[in-house]
Amino acid sequence: MHRQNILAIGLLGVVLVVVLTAGYASGRGPLGVLSYAVARVRQANNSSSAMPVAEEKAPPAPEFATGDWINSEPLTVKSLRGRVVLVDFWTFGCYNCRNTLPAIKTWDARYREKGLTIVGVHSPEFDEEKRLENVRREVAELQIHYPVVTDNDYATWRAYDVAAWPTIFVLDKSGRIRWTHVGEGAYDETEQVIQTLLAETDSSTDKQISEKK
């Protein structure tokens, strides 16, 4: 093997180690590191405006896959119609996910009685994060009082086409995805979207009422 090739391979190895080390330091494991670039592109595209996606352009939210529920009986997107729903994809070992929790818990306390339901979808990265007893312990220690469902086989993760931790989706009262944010930040913008969707009339309820007349 030529010396230049050896040097190139060595340099590539050093770069890979640095990237992975930086990823772990910031709370991302291998999957998180590889998906980070995709997440940043999505975040840039989404953060340009605090306005939710127009109703007619918003896709219906997929149902939650089967999992173990903490703090709640099993919920479905359908059963939550009439409420604004914030879906937070996270895992307890993710440093960035932990940084978003104060804002999410504040929204739960501030808007739950006004029509907001928060569902934390716990999609693990490492084996220790797949154990239900560990998830229950972390949810209690982190003082998370909203519903959390485990997603060990990533069925809900794939259904929502998630690329990185954390990712937030905000659903309107008709169960449509009106806002998405990847990563930390955009707390004011997300809260503005929550307020806007809470103020909206549930169009599906209006349709049912009109059909009965």
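The accessible surface of the protein chain comes to about 11500 Å² (Shrake-Rupley method, 1.4 Å probe; for residues, only the protein chains shown count as cover), and carbon and sulfur atoms contribute 55% of that surface. The structure is a predicted model, in which local features need pLDDT of at least 70 and side-chain atom pairs count only at pLDDT 80 or more, whereas totals for chains, interfaces and linings use all residues. Residues are numbered from 1 along each chain as its sequence is written, and side-chain values use heavy atoms, with hydrogens and water left out.

Seven helices and six strands make up the secondary structure (DSSP runs numbered from the N terminus; helices are H or I with at least four residues, strands E with at least two). Along the sequence these elements follow the pattern α-α-β-β-α-β-α-β-α-β-β-α-α. Of the 213 residues in the protein chain, 46% are buried (under 20% relative accessible area; exposed is over 50%, partly exposed in between; 1.4 Å probe, protein chains only). Among contacts (heavy atoms within 4.5 Å) with a separation of 6 or more, 80% link residues 24 or more positions apart.

The six strands form an open sheet in the order β1-β4-β3-β2-β5-β6, with mixed pairing (two strands pair if DSSP finds at least two bridges between them). The edges are occupied by β1 and β6 (177-182), each with a single partner strand, so one side of each has no neighbour in the sheet. Strands β1 and β4 run antiparallel and are joined by two bridges, with W69 opposite V149 in β4. The pairing of β3 with β4 is parallel and extends over three bridges; here G120 stands opposite V148 in β4. The chain passes from β3 through α4 to β4 in a right-handed β-α-β crossover (with the strands pointing away from the viewer, the path from the first strand over the helix to the second runs clockwise). Strands β2 and β3 are also parallel, joined by seven bridges, and W90 stands opposite H122 in β3. Together with α3, these two strands make a right-handed β-α-β unit.

Strand β3 is mostly covered, with seven of its seven residues buried. In a regular strand the side chains alternate between the two faces of the sheet. In β3, L116, I118, G120 and H122 point one way, while T117, V119 and V121 point the other way.

Helix α4 (residues 132-141) contains the buried residues N134, V135, E138 and V139. These residues lie on the same side of α4 because they cover an arc of only 130 degrees around the axis (taken from the directions from the helix axis to the C-beta atoms). They pack against β1 (69-70), β2 (84-90), α3 (95-111), β3 (116-122) and β4 (148-150). The face turned away from the buried side of α4 carries the exposed residues E133, A140 and E141. After α4 comes Q143, whose phi is positive, near 55 degrees.

The largest nonpolar core (a set of buried Ala, Val, Leu, Ile, Met, Phe, Trp, Tyr and Cys residues joined through side-chain atoms within 4.5 Å) has 47 residues. Those with the most contacts inside this core are F64, V87, W107, V119, Y160, V170 and L171. With residues up to four places away in sequence not counted, F64 touches W69, L75, T76, V77, L80, V87, V119, V121, T156 and Y160.

Several loop residues were also examined. P52, in the loop between α2 (30-46) and β1, counts as buried because its relative accessibility is 13%. Residues touched by P52, not counting those up to four places away in sequence, are R178, V193, T196 and L197. The C-alpha atoms of P52 and L171 are separated by 9.7 Å, although these residues lie 119 residues apart along the chain.

Most residues other than glycine have a negative phi, and most peptide bonds are trans. The loop between α5 (155-159) and β5 (167-171) contains P166, which is joined to W165 by a cis peptide bond with omega about -20 degrees. D161 also lies in the loop between α5 and β5; this residue is not a glycine, yet its phi is positive at about 55 degrees. With a relative accessible area of 47%, D161 is partly exposed. A186, in the loop between β6 and α6 (187-199), is another residue other than glycine with a positive phi, near 60 degrees.
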